[in-house]
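Take a look at the structure shown here. Follow the strands first, then turn to the cysteines.

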Amino acid sequence: MSTGLRQLRLAALNIDGVLLNDTFSPVIHHFVVSRGGTYTAEVERNIFSQPQRAASAYLAGVVNVPMTAQQALEAYFVERDAHLREDPVRLVDGAVDLVRRLRGLGLSTICYGGLGKEHFDRFLGEWAHLFDGPGYVCTNDFRPGIREITTEVFELSYDQVVFIDDVARVAESAKELGVPFIGHPSTFEHSHQRQLMKDAGVRHLVDSLHAIDEAMLRTVDAEAASGGVWAPSTEGLAPA
């Protein structure tokens with residue numbers, strides 16, 4: 001029988017791109033290129049895991065169609081709604097199993113993201129009992145939210161929480177704070193997140209949530225206990 005972990009106490013899981021499919025990258029890419037802009041890693045860096053007001057202001061500035069930040073935000077959500085009619089929001093394969101695996105190792109779990117709690121209730125409400133504390137934390141007002149979730153919501157130290165996210169900016173914040181991190185970058189063909197995570201020094205990159213198995217979690221736990229979460233490593237990409 002598995003025993004609990006030594007150092008980690010909480011797993012924080014991003015909702016869109018980890019537990020739910022990535023419905024943002026394709027829409028943002030189309031939004032930019034269809035208006036004459038160039039979709040780059042810098043575009044992703046300035047939009048992903050940013051407050052909506054900051055992301056929409058940046059978005060309005062990288063297209064060749066004059067628009068305000070508010071107009072860009074409204075147009076974005078119109079296009080996202082259209083995209084979702086063709087490619088609906090759905091659970092990522094292995095999502096529920098991952099949360100159960102984390103809890104089975106004795107971790108508390110929390111879900112977080114930039115949209116309101118109604119998004120969590122709609123798509124993950126059936127599994128709300130698998131999450132602790134408030135269940136879901138909307139981070140739009142304090143993105144990426146690592147400090148707030150760790151020290152304010154759960155009153156833990158930075159080496160006691162592992163964040164699982166699809167955005168490199170979150171990884172960069174985790175590195176700055178010394179927080180354990182597992183990357184699940186988008187498989188969208190134009191995405192720059194995998195390379196940005198590699199550039200940030202992310203040690204644990206996965207193509208599939210099934211790859212975040214007990215062995216990986218125990219490795220991350222040992223790294224957290226020894227202070228080696230962000231130490232240089234020659235480890236490659238975890239198998240899907």
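The paragraphs below go from the sheet to two cysteines and the question of a bond.

This is a predicted model. Start with the sheet. In what order do its strands lie? The order is β3-β2-β1-β4-β5. These 5 strands form an open sheet, and their pairing is parallel. Two strands sit at the edges: β3, residues 136-138, and β5, residues 181-183. Each of these edge strands pairs on one side only. From one strand to the next, the twist averages 20°.

Now move to β2 and β3. Strand β2 covers residues 108-113. It runs parallel to β3, and 3 bridges join the two. One residue to find here is Cys111. Its bridge partner in β3 is Tyr136.

Is Cys111 buried or exposed? Cys111 has 0% relative accessibility, so it counts as buried. Cys138 is another matter. Its relative accessibility is 34%, so Cys138 counts as partly exposed. Residue 138 also falls within the range of edge strand β3, 136-138.

Why is there no bond between the sulfurs of Cys111 and Cys138? Check the distance. A disulfide needs two cysteine sulfur atoms within 2.5 Å. The cysteine sulfur closest to that of Cys111 belongs to Cys138, and it is 11 Å away. That is too far for a bond. Now start from Cys138. Its closest cysteine sulfur is in Cys111, again at 11 Å, so this approach gives no bond either. By this rule, the count is 0 disulfides.

Terms used:
Residues are numbered from 1 along each chain as its sequence is written. This is a predicted model: local features need pLDDT of at least 70, side-chain atom pairs count only at pLDDT 80 or more; totals for chains, interfaces and linings use all residues. Side-chain values use heavy atoms; hydrogens and water are left out. Buried means under 20% relative accessible area, exposed over 50%, partly exposed in between (1.4 Å probe, protein chains only). Two strands pair if DSSP finds at least two bridges between them. Helices (H or I, at least four residues) and strands (E, at least two) are DSSP runs, numbered from the N terminus. Axes are lines fitted to C-alpha atoms, for helices over the stretch in contact, and angles run from 0 to 180 degrees between N-to-C directions.
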